[in-house]
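Here is a short set of exercises to work through with the model open beside you. Try each task before you read its solution.

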Amino acid sequence: MGLLIKAVLGAAVVVLIGILAKTKNYYIAGLIPLFPTFALIAHYIVVTERGVEALRATVIFGMWSIIPYFVYLASLWVFSAMMRVPLALGAAVALWCLSAWVLIALWTRFH
């Protein structure tokens with residue numbers, strides 16, 4: 001039953017994004033996926049299993065994780081003017097993966 005509820009919520013989010021994309025305020029569709037649904041779940045699990053100090057470290061890492069998302073957005077903005085959109089999306093995702101890997105490598109080395 002829990003899986004069904006999650007699937008319905010996910011579908012509702014996709015429908016909401018689709019509806020917003022068709023309005024004059026289409027750019028708001030880019031904000032909806034950033035609602036911290038998964039972060040709330042992750043933070044609850046971390047704090048209940050590892051404690052407040054682990055939660056605080058997770059929050060700091062989450063703040064740094066904005067960098068790969070920014071890399072994705074900036075590269076998609078640049079690539080979308082240079083190539084077809086599917087290629088631009090793929091290249092932007094590749095750069096997100098690379099920057100996320102660098103972030104994880106640096107975090108594990110210095111934290």
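A residue is called buried when its relative accessible area is under 20%, exposed when the value is over 50%, and partly exposed in between. Keep in mind that this is a predicted model.

**Exercise 1. Sort S75, S99, V102 and K24 by burial.**

Let's take the residues one at a time.

- Step 1: S75 belongs to helix 4. Its relative accessibility is 8%, so S75 counts as buried.
- Step 2: S99 sits in helix 5. With 15% relative accessibility, S99 is buried because the cut-off is under 20%.
- Step 3: V102 is found in helix 5, which covers residues 85-110. A relative accessible area of 36% makes V102 partly exposed.
- Step 4: K24 falls in the loop between helix 1 (2-21) and helix 2. At 73%, K24 is exposed.

**Exercise 2. Find the contacts of the two serines, leaving out residues up to four places away in sequence.**

- Step 1: Start from S75 in helix 4. The residues it touches are A92 and L95.
- Step 2: Now turn to S99 in helix 5. Here the partners are P68 and V71.

**Exercise 3. Which residues form the largest nonpolar core, and which helix supplies its largest share?**

- Step 1: The largest nonpolar core consists of 5 residues, namely Y72, L76, F79, A88 and A92.
- Step 2: At least two residues of this core come from helix 4 (66-79), and at least two from helix 5.
- Step 3: Helix 4 gives the largest share, with 3 residues.
- Step 4: Look at F79 for a close-up. Beyond its neighbours within four places in sequence, F79 contacts A88, A91, A92 and L95.
- Step 5: For background, nonpolar side chains in soluble globular proteins tend to be buried together.

**Exercise 4. Locate the nonpolar patch on the surface that includes V102.**

- Step 1: Begin at V102, a partly exposed residue in helix 5.
- Step 2: The patch is made up of L95, L98, W101, V102, L106 and F110.
- Step 3: Together these residues have about 630 Å² of accessible area.

**Exercise 5. Describe the surroundings of V46, then compare sequence and space separations for two pairs.**

- Step 1: V46 is part of helix 2, residues 37-50.
- Step 2: Setting aside neighbours within four places in sequence, V46 makes contact with G51, A54, L55 and T58.
- Step 3: From V46 to W64 there are 18 residues in sequence and 18 Å in space, C-alpha to C-alpha.
- Step 4: For K24 and F35, the sequence separation is 11 residues, and the C-alpha atoms are 21 Å apart.

**Exercise 6. Is the chain as a whole spread out or compact?**

- Step 1: The chain has 5 helices and 0 strands, giving the pattern α-α-α-α-α along the sequence.
- Step 2: Its radius of gyration is 17 Å, well over the 13 Å that the globule rule gives for 111 residues, so the chain is more spread out than a compact globule.
- Step 3: Along the principal axes, the C-alpha atoms fill a box of roughly 45 × 40 × 25 Å.
- Step 4: Burial adds another view: 14% of the 111 residues are buried.
- Step 5: Among contacts with a separation of 6 or more, 39% link residues 24 or more positions apart.
- Step 6: Finally, the chain exposes about 8900 Å², of which carbon and sulfur atoms supply 77%.

Definitions and conventions:
Residues numbered from 1 in each chain as written. Predicted model: local features only at pLDDT ≥ 70, side-chain atom pairs only at ≥ 80, totals over all residues. Heavy atoms only, no water. Patch = residues over 30% accessible without salt bridge, like charges linked within 9 Å, V, L, I, M, F, W, Y side chains within 5 Å. Areas by Shrake-Rupley, 256 points an atom, 1.4 Å probe, with all protein chains shown as cover. Salt bridge = Lys/Arg side-chain N within 4 Å of Asp/Glu carboxyl O. Helix = DSSP H or I, 4+ residues; strand = E, 2+ residues; numbered from the N terminus. Buried < 20%, exposed > 50% of the residue type's maximum accessible area, 1.4 Å probe, protein only. Core = buried A, V, L, I, M, F, W, Y, C linked by side-chain atoms within 4.5 Å. Contact = heavy atoms within 4.5 Å. Rg over C-alpha atoms; globule rule 2.2 N^0.38 Å.
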